[in-house]
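Load the model, keep a selection box open and follow the stops below in order. Each stop says what to select and what is found there.

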Amino acid sequence: MAENGEEKLLAVARHIAKTLGHNESMADDILQIFSNFDGRFSREKLAEGQAGEDGSAGVAVLDRALNSIDGQISRFVAADQPIWADPADSAAFLDTIDELVGIIREWSPMASEKPIGVCLTRADDMMQQAMFRIEEEFRSLMERGAESFGLNPQGDASAMNHRFDSDEEDDYDRDFQNGDDIQIPVAQPLTDYDLIIDALPSATINDLHEMAKRMVGAGFGKACSHVYSACRREFLEESMSRLGLQKLSIEEVHKMPWQELEDEIDRWIKAANVALRILFPSERRLCDRVFFGFSSAADLSFMEVCRGSTIQLLNFADAIAIGSRSPERLFKVLDVFETMRDLMPEFESVFSDQFCLVLRNEAVTIWKRLGEAIRGIFMELENLIRRDPAKAAVPGGGLHPITRYVMNYLRAACRSRQTLEQVFEESNGVPCKDSTLLTVQMSWIMELLESNLEVKSKVYKDPALCSVFLMNNGRYIVQKVKDGDLGLLLGEDWIRKHNAKVRQYHMSYQRSSWNKMLGLLKVDNTVAGMNGLGKSMKDKLKQFNMQFDEICKTHSTWVVFDEQLREELKISLARLLLPAYGNFIGRFQNLGDIGKNADRYIKYGVEDIEARINELFKGTTAGRK
């Protein structure tokens, strides 16, 4: 009877608790009051009976476990101090989460039973509270770790120029262990990229890994990745900023004055190398350590960390690729192309996972677009040559500015011959059997230049000066080709052919001016009598003196820039003129009475003629570079 009465009393207590309790928590509190009031109303008896009434014997066990965990989680969630400030607290918190995860996993197969489903909903709420707190702890720990490495938005940009080598890596580790405040480590100079930066202490990384393991295991992997990437992205963007890289839109790049853009390209090259060879691999390593065992979360986090900085680098390269095709931009575009080309293995290795596929493909696309830009610049160079007008003649038949510009341009371009060969071989054209597409391109530009110079030579009314102009420019072209990579491209046959052209211009000059002088030095043996011959020779000598004076006066203002060519011309003229002139005046001096007065008619001796020839082609010094 006593036992039945006690059962009835317990049933009444349970009924009261169930009736008055508007929710599980209130009912639980009422049961606790009964338990404290009378020992017969022990919590276990009340809970067991309630479980029996509900038809789920295990609910009581589940409820007791959740009550215990709820108290612990509530204590940690409500804590004012960071949980990870105390290793004992952090270990206890993680153990509690593990216990809650275990309970949810164990009871989830029975979630269709209403009482158990209600308990599991409560467990999920508790898990969410725990995850919110661990997310805060995760963020706080990452921020504190970054600050200990000197991540300060107002930091001095010059701190990024700290030189790193293997010895300094050891110093870096010691400095951190000693609590020294040092700046973000970024390699300088750019000659050695073979290092990895540990941007967070090992102890912090281990703690983050333990947190990440719980968050991913509880289904909060994306939230964990978001917090992680937000913190590391700030670190990475600050590092890029300290390298001098600006956040510029494509429009801003296109509007930038060229001189400023050249400096910006230099900064971009440095930043791209440091990012792809040091910063990104270091972030990859950090991601893999924090999310060890969870490759998908690691890949997603890494992509979110590096995406912004990578797009910033790629957008700048793309702006250069789709920008102006002005020929003077070639060399900086080549620098950007070569940087992208050299970094492609890093793009392939660092961004190898599925989440980074878009970034990797975009890098390849922009690299190829830079090659198209280089080919487009050469097309613009062709147009520049075609459009260069034949205006005023160059004084003295010297070098035309277009000749100097094009040849120096091509010589400079051919210093990157291997890169240019790669660029042109990747174009749609088919290379010739015995030459590369770059050879074809250079030959075509040379042909355009020569055709343009031919047109420009027509500006000169004097055929002799026209030949001097072509000879000067032809010699300059050959010399620039011979002593550089351009000669290796065009070949010895091309050089021999154009040397022959220069000799032809030489002969044309000589024929159009000095060969006429030779006609005056020929003795007319058909003239009858000594007097007739003497009169003929006097007339010819007079004409020779007049024409020689005129030619020397005019040709001395003409310029032959190449010293060797100038000497060749003088020697050729001397060989042509001096023997004939010496024979002529010698015979004139032997004409009896007329010869006795020869000095009255002979204005120049042989030595005088030679001296006058030596004064030719000095002209102005302009255009001799």
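**Stop one: a helix pair**

Select helices α17 and α18; α17 passes α18 in a right-handed crossing. Bear in mind throughout that the model is predicted. In residue numbers, α17 is 437-457 and α18 is 463-482. Their axes come within 9 Å and cross at roughly 160°. The two helices are therefore roughly antiparallel to each other, since an angle over 145 degrees counts as such.

Now show the side chains at the contact. From α17, display Met446, Leu449, Leu453, Glu454, Lys456 and Ser457; they meet Cys466, Phe469, Leu470, Asn473, Ile477 and Val481 of α18. Coloured by class, the residues of this contact of α17 with α18 come out as eight nonpolar, two polar and two charged.

**Stop two: leucine 449**

Keep α17 on screen and centre on leucine 449, which is found in that helix. Is leucine 449 buried or exposed? Leucine 449 has a relative accessible area of 0% and is therefore buried, the cut-off for buried being under 20%.

Next select what surrounds leucine 449. Not counting residues up to four places away in sequence, leucine 449 touches Ile385, Ile402, Thr403, Val406, Met407 and Ile477. For a distance label, pick the C-alpha atoms of leucine 449 and threonine 403: they are 7.3 Å apart in space, with the two positions 46 residues apart in sequence numbering.

**Stop three: from α18 to α20**

Hide α17, keep α18 and add helix α20, residues 492-520. The axes of α18 and α20 come within 8 Å and cross at roughly 160°. That angle makes α18 roughly antiparallel to α20. This crossing is left-handed.

To see the contact, select on the α18 side Pro463, Ala464, Ser467, Val468, Leu470, Met471, Gly474, Arg475, Ile477, Val478, Val481 and Lys482. On the α20 side the contact is made by Trp494, Ile495, His498, Asn499, Val502, Tyr505, His506, Ser508, Tyr509, Ser512 and Ser513. By class, the contact of α18 with α20 holds 13 nonpolar, eight polar and two charged residues.

**Stop four: α11 and α12**

Clear the selection and pick helix α11 (residues 258-290) together with helix α12 (residues 295-321). At what angle do their axes cross? The crossing is at roughly 170°, and the axes come within 10 Å. α11 and α12 are therefore roughly antiparallel to each other. Their crossing is left-handed. The contact of α11 with α12 has 17 nonpolar, three polar and five charged residues.

**Stop five: two residues of α6**

Select helix α6, residues 114-147. Methionine 127 lies in this helix. Its relative accessibility is 5%, so methionine 127 counts as buried. Leaving aside neighbours within four places in sequence, methionine 127 is in contact with Ile97, Leu100, Val101, Ile104, Ala218 and Phe220. A second label can go between methionine 127 and isoleucine 73, 54 residues apart along the chain, whose C-alpha atoms are separated by 8.7 Å.

Move along α6 to glutamate 135, which lies in the helix too. Glutamate 135 is buried, with a relative accessible area of 19%; the limit for that class is under 20%. With neighbours within four places in sequence left aside, glutamate 135 is in contact with Met215, Ala223 and Val227.

**Stop six: α8**

Select helix α8, residues 202-217. The helix has 16 residues and reaches 22 Å from its first C-alpha to its last, close to the 22 Å expected at 1.5 Å a residue. Highlight Thr204, Ile205, Leu208, His209, Met211, Ala212, Arg214 and Met215, which are buried in α8. Just after the helix, stop at glycine 219, where phi is positive at about 90°.

**Stop seven: phenylalanine 617**

Go to the segment after α24 (606-614), where phenylalanine 617 lies. Phi of phenylalanine 617 is near 70°, a positive value in a residue other than glycine. Phenylalanine 617 is buried, with a relative accessible area of 0%.

**Last stop: the whole chain**

Zoom out and colour by secondary structure: the chain comes to 24 helices and zero strands. Recolour by burial, and buried residues make up 48% of the 625 residues. For a contact map, take contacts between residues at least 6 apart in sequence; 79% of them join residues at least 24 apart.

Terms used
Residues numbered from 1 in each chain as written. Predicted model: local features only at pLDDT ≥ 70, side-chain atom pairs only at ≥ 80, totals over all residues. Heavy atoms only, no water. Helix = DSSP H or I, 4+ residues; strand = E, 2+ residues; numbered from the N terminus. Expected span 1.5 Å × (residues − 1). Buried < 20%, exposed > 50% of the residue type's maximum accessible area, 1.4 Å probe, protein only. Axes fitted to C-alpha atoms, helices over the stretch in contact; angles between N-to-C directions. Parallel < 35°, antiparallel > 145°, perpendicular 65-115°, else oblique. Left-handed = near helix turned anticlockwise from the far one by under 90°. Contact = heavy atoms within 4.5 Å. Nonpolar A, V, L, I, M, F, W, Y, C, P; charged D, E, K, R; others polar.
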